[in-house]
Each structure stands twice: as C-alpha cells, then as structure tokens.
Amino acid sequence: MQIDWAALGQVFGVSLVVTVGLVGIFTLGIVGTSPRAGSSAGSAAGAGALARRSGAYACFALCAAAVGYGIYLIVV
C-alpha cells in the first residue's frame, strides 16, 4: 500500500484553511448579533445596527451553505 503524501498534505492544508475561514465567518456572525457596549436595550436600532445584523445573518447563511455542501459531497 502506497500513501500519496503530497495529496494527503493538500487535503490537510485545504481542510485547515476552510476550517479556520468558517470559524472566522461564524465569529463575525456572533459579533454582529451581539449588542454594543454603549447601547441601551431600549434605544431604537439605527441603520448601522440593521446593516450589522443583516451582515451577521449573511455570515450564518454562508456557514450553513458550507456545511450543507460538505454533507452533499459526503453523500454523493
């Protein structure tokens, strides 16, 4: 049995980069949904808060799409 070390290294490298990228995107989503330190709970949400929350939801959707694509690759 021969092990193709170059292919194994490529798989490891791509897996590492994608994992770190997805964790970073998910972290941006969490930060986007968290309340700011100086804002009170009763204050009206401004355009910046709405854009931040929309971006956070986009980050979560991207993570869900990546997980779904990974499951698709495993099943097919």
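**Close-up views of a two-helix chain**

**View 1. Two tyrosines sit about one turn apart in helix 2**. Y69 and Y72 are 3 residues apart, and both belong to helix 2, which covers residues 47-75. Helices are DSSP runs of H or I with at least four residues, strands are runs of E with at least two, and both are numbered from the N terminus. Welcome to a predicted model, in which local features need pLDDT of at least 70 and side-chain atom pairs count only at pLDDT 80 or more, while totals for chains, interfaces and linings use all residues. Residues are numbered from 1 along each chain as its sequence is written, and side-chain values use heavy atoms, with hydrogens and water left out.

**View 2. The rings of Y69 and Y72 are stacked**. Searching the whole structure turns up 2 aromatic pairs. One of them joins Y69 and Y72, with 6.3 Å from centre to centre and 25° between the planes. Rings of Phe, Tyr and Trp (its six-membered ring) pair if their centres lie within 6.5 Å; planes under 30 degrees apart are stacked, over 60 edge-to-face, and the rest tilted.

**View 3. A nonpolar patch includes both tyrosines**. Look here for V67, Y69, I71, Y72, L73, I74, V75 and V76, which together offer about 920 Å² of accessible area on the surface. Patch residues have over 30% relative accessible area and no salt bridge (a side-chain nitrogen of Lys or Arg within 4 Å of a carboxyl oxygen of Asp or Glu). Nonpolar side chains (Val, Leu, Ile, Met, Phe, Trp, Tyr) are joined within 5 Å, and like charges within 9 Å. Areas come from the Shrake-Rupley method with a 1.4 Å probe, and for residues only the protein chains shown count as cover.

**View 4. Two cysteines stay unbonded**. The whole structure holds 0 disulfides (pairs of cysteine sulfur atoms within 2.5 Å). C59 is in no disulfide, and its nearest cysteine sulfur belongs to C63. Why do C63 and C59 not bond? Their sulfurs are 7.0 Å apart, which is too far for a bond. C59 counts as buried because its relative accessibility is 16%, and C63 is buried too, at 9%. Buried means under 20% relative accessible area, exposed over 50%, and partly exposed in between (1.4 Å probe, protein chains only).

**View 5. Helix 1 carries T27 and L28**. Helix 1 covers residues 5-33. T27 is partly exposed, with a relative accessible area of 40%, whereas L28 is exposed, at 53%. The C-alpha atoms of T27 and A56 are 9.1 Å apart, although 29 residues separate them in sequence. L28 and Y57 are also 29 residues apart along the chain, with 9.7 Å between their C-alpha atoms.

**View 6. L50 of helix 2 is exposed**. Its relative accessible area is 57%. The C-alpha atom of L50 lies 9.7 Å from that of G32, 18 residues away along the chain.

**View 7. The whole chain has 2 helices and 0 strands**. Of its 76 residues, 7% are buried. The chain exposes about 6,000 Å², and carbon and sulfur atoms supply 74% of that area.
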